[in-house]
Amino acid sequence: MVYEVTARRRRPQLFDSLVGQQFVVSTLKNSIEQQRIAHAYLFSGPRGVGKTSAARILAKALNCEKGPTPYPCGVCSHCLEITRGSSPDVIEIDGASNTSVNDVRVIREEILFPPQSSRYKIYIIDEVHMLSISAFNALLKTIEEPPAYVVFIFATTETHKVPATIRSRCQQFLFQLIPLEIIKGLLKEVAVEMGVEAEDEALFWIAKEATGSMRDAYTLFDQVVAFSDGAITLAKIEEKLSLSGLENLSKLVASLLNGESGGAFDVLEELLARGISVEQTIKDLGEYIRCLLLIKRGVTNEALLGVNPKRIPQEIREGFSEEQLEAALELFLELYRNSRFSLNPRFELELALSRLSNLSKMVSSATLVEQLIALKTTLAEGAEVVATPTTTPPRVEVPKVEVKEKVVVVKEFNKALLPELIQALAKERQPAGMVLSQASNLYRDAEGVKIVFSSAYALDNANQNKDVLINLLQRVAGYEGRVDFLKEAPPPVVNEQEKDPLLKEIASMFRGEVLETHS
Ligand SMILES: [Zn+2]
């Protein structure tokens, strides 16, 4: 027996065996039943989802001896000829290699002759979007007023490239990607049919790789069967097709989770040594992180995740926060884009892994703000505490702030403190209140508190009342350190990034800079 590839052997011969296209199938069947045959059909949709098969089934439905019928018999001479591709009245043309206006002219001349033995003369033009503009124009005239016995069936993967004038004269059908579960089910059927044992996970992987195309799924299935020796397993697929493998990816990500970039580099080296490309590794890791993010967001649908979530260790599934995973995925998407132009894609990947080993320490700005507010409240309450994170993202390191003394009043040393100071002096009827009302700013830096005055005159006055003002700061703000008076100058520029080591680390992790911070 001649070996026939699965995609061909399993090519649907009836409308009802077209999987995943219920809407198309029921509409076509209805219109045939009601004898409403259009002169031109346009089948559009992704590759490998059944457009050409549907066109041939439609041809049979129209030309079957028992037809037109939604259920062609499949055994009459017309049906058999169409199945074999030898019917003189069903002409299949590949639009990709017959793009010129002359090719269309030939069709225009041919259609003047009625079908030889069938009811209809049917032209199936595949990849119709490849025709040239002049060919489309010639075709347009043909489909505007064709003889009653002519039916055109156009198929295309890129419907937007078909001129609107053509589209509007066709009955259009949109074919859809075939759901993963359906593909997997059909693969299972084939495996049983061929007497091949197949692991569920292996079939799931093949179905996932096919990304909605039944033809691709069958082709990959044949390839896997060829090296599987009667039993298809995921382990064999990973080995023979040089895949990263979920276990290896989990090992790598676990290293990152624990901040051990060394371990991650070891796994990477193993993968690359096995012949897996850097690009593939980036893609696989990106998919893995996407999967973690979706799990974290509550997705449980295996088809959407691309993997059974239970196959990923729990510590990894729960190890990162949403923000951390979003940041990591962003990093990988950028890496994927950049690696193609890189001098050395491997270095790019290693750099990313090195950065990601800090990922579990990354805290979102929202969490950071929450923690700061909590810290402030605790301090204001005057409790003797050691700050702890208010939320508990794993392994978040927060600088430990120990409050040794009981602080009665803690004020923020900024401009807003000035009115309070002035009011206190006014209550005591101190003339120094007048002096302070000319202050334009108050802040605290490493040296101590600074009060800024707008004029040299005011500064002079302040210096004369220095003792009163220092005393005031002690009483009102509980401050006992150094106090300086300054004349107004351009405000000190402090780079936020330099100031906060955590911000600096986050900025370096994502090769960005801090634009602004909100307090
Ligand atoms: Zn028939």
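At 7% relative accessibility, Cys 76 falls in the buried class, and in this predicted model that cysteine is one of the ligands of a zinc ion. The full set of donors is made up of the SG atoms of Cys 64, Cys 73, Cys 76 and Cys 79, sitting at 2.2 to 2.3 Å from the metal. Read along the chain, these donors follow the spacing C-x8-C-x2-C-x2-C. Cys 64 and Cys 76 both belong to the loop between α3 (51–63) and α4 (77–84), so this pair ties together parts that lie twelve residues apart in sequence. Cys 64 is buried as well, with a relative accessible area of just 1%.

As for the geometry, the angles subtended by the four donor atoms around the zinc ion run from 102 to 119 degrees, which makes the arrangement tetrahedral. The cut-off for that label is that all angles lie between 85 and 135 degrees. For reference, the ideal angle for four tetrahedral donors is 109.5 degrees.

Turning to open space, the second largest pocket holds about 990 Å³. Its lining counts 41 residues, and those nearest the centre are Lys 208, Glu 209, Glu 287, Leu 305 and Gly 306. Six helices each give two or more residues to this lining, namely α9 (200–209), α11 (234–240), α12 (246–257), α14 (278–296), α15 (302–305) and α17 (322–339). Top of the list is α14, which gives the most, with nine residues. In terms of domains, at least three lining residues come from domain 2 (180–240) and at least three from domain 3 (246–361). Sorted by class, the lining of this pocket comprises 23 nonpolar, eight polar and ten charged residues.

The backbone has a couple of spots worth a look too. Gln 35 has a phi near 60 degrees, a positive value in a residue that is not glycine. This glutamine is found in the loop between α2 (22–33) and β1 (40–44). Thr 211 is another non-glycine residue with a positive phi, here about 40 degrees, and it lies in the loop between α9 and α10 (214–228). With a relative accessibility of 56%, Thr 211 counts as exposed. The helix on one side of that loop, α9, also appears among the elements that line the second largest pocket.

Terms used: Residues are numbered from 1 along each chain as its sequence is written. This is a predicted model: local features need pLDDT of at least 70, side-chain atom pairs count only at pLDDT 80 or more; totals for chains, interfaces and linings use all residues. Side-chain values use heavy atoms; hydrogens and water are left out. Donors are N, O and S atoms within 2.8 Å of the metal (3.2 Å for Na, K and Ca); water is not among the atoms, so sites may look incomplete. Four donors count as tetrahedral if all angles lie between 85 and 135 degrees; four count as square planar and six as octahedral if opposite donors are over 155 degrees apart and all others between 65 and 115; anything else is irregular. Helices (H or I, at least four residues) and strands (E, at least two) are DSSP runs, numbered from the N terminus. Buried means under 20% relative accessible area, exposed over 50%, partly exposed in between (1.4 Å probe, protein chains only). On a 1 Å grid over the protein atoms alone, a cavity is a set of points where a 1.4 Å probe fits but cannot get out, and a pocket is an open set with protein on both sides within 12 Å along at least five of seven lines; lining residues have an atom within 4 Å of a point. Grid points are joined across faces, edges and corners, and a volume is the space filled by probe spheres set on the points. Ala, Val, Leu, Ile, Met, Phe, Trp, Tyr, Cys and Pro count as nonpolar, Asp, Glu, Lys and Arg as charged, and the others, Gly among them, as polar. Domain bounds come from an automatic or database domain assignment.
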